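Thanks for coming. I have one structure to go through today, and I will take the charged pairs before the nonpolar packing.

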Amino acid sequence: MSIMWRCKCDCGNENIDVVGIYLTTGQTQSCGCMKKELEIKNLREEYENKRVDGVVKPLFKDKEPRKDSSTGFRGVSKYRTRKSKELRYRAWITVKGKQYYKSGFKTAEEAYYNGRLKLEELHLPKKEDHTDE
């Protein structure tokens, strides 16, 4: 059975119950406020530092498709034409919240190499971010 301590955090938050061993080993140092501050600094601020012209370049660095990809290519999806219901492939990319498409490809490879890569070339910032990408 663990001994619990009712604590008051340095931030003023009261009534935090903490297992005694966590206090003596230093595993608990705050009510969670320190974690929130570190997340803001490490996640949000560092994320913003990796932006080039408003685009987070490392997001486009990985060329591997997602595990649930139905085509085997990143940024390529299948669809059927409206009239003839033929299977076609569409390349897409989302940059700054706006989506761009190139459609009508007969193969996933064609959609990737002649669609997705062209869209990246057109819509991703040209300037290289020289920080550790």
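K8 and E14 form a salt bridge, and their closest N and O atoms are 3.9 Å apart. The cut-off for calling a pair a salt bridge is 4 Å, so this pair counts, at 3.9 Å. K8 is exposed, at 58% relative accessible area. E14 is partly exposed, at 47%. I should say now that this is a predicted model, and every value I quote is computed from it.

How many salt bridges does the structure hold? There are five, and I will go through two others besides K8 and E14.

One of them joins D17 to R6, with 2.8 Å between the closest N and O atoms. What does this pair tie together? D17 sits in strand β2, residues 16–19, and R6 sits in strand β1, residues 4–7, so the bridge links parts that are eleven residues apart in sequence. On accessibility, R6 counts as exposed because its relative value is 55%. D17 has 44% and therefore counts as partly exposed.

The other pair is E39 with K35, where the closest N and O atoms lie 3.2 Å apart. Here both partners belong to helix α2, residues 33–49; they are four residues apart, so about one helical turn separates them. K35 is exposed, with a relative accessible area of 56%, while E39, at 35%, is partly exposed. As general background, side chains of opposite charge can pair when their charged atoms come close.

Now the nonpolar side. Which residues make up the largest nonpolar core? There are seven: F73, V76, Y89, F105, A108, A111 and Y112. Helix α3, residues 108–123, supplies the largest share of this core, with three residues.

Take F73 as an entry point into that core. If we leave aside neighbours within four places in sequence, F73 is in contact with P65, A108, E109, Y112 and Y113. Of these partners, A108 and Y112 are also listed as members of the core.

Apart from that core lies another, made of six residues. Its members include V55, I93, V95 and L124.

To recap the charged pairs: K8 with E14, D17 with R6 between strands β2 and β1, and E39 with K35 within helix α2. On the nonpolar side, we have the seven-residue core that includes F73, and the six-residue core that includes V55. I will stop there and take questions.

Key. Residues are numbered from 1 along each chain as its sequence is written. This is a predicted model: local features need pLDDT of at least 70, side-chain atom pairs count only at pLDDT 80 or more; totals for chains, interfaces and linings use all residues. Side-chain values use heavy atoms; hydrogens and water are left out. A nonpolar core is a set of buried Ala, Val, Leu, Ile, Met, Phe, Trp, Tyr and Cys residues joined through side-chain atoms within 4.5 Å. Buried means under 20% relative accessible area, exposed over 50%, partly exposed in between (1.4 Å probe, protein chains only). Helices (H or I, at least four residues) and strands (E, at least two) are DSSP runs, numbered from the N terminus. Contact means heavy atoms within 4.5 Å. A salt bridge is a side-chain nitrogen of Lys or Arg within 4 Å of a carboxyl oxygen of Asp or Glu.
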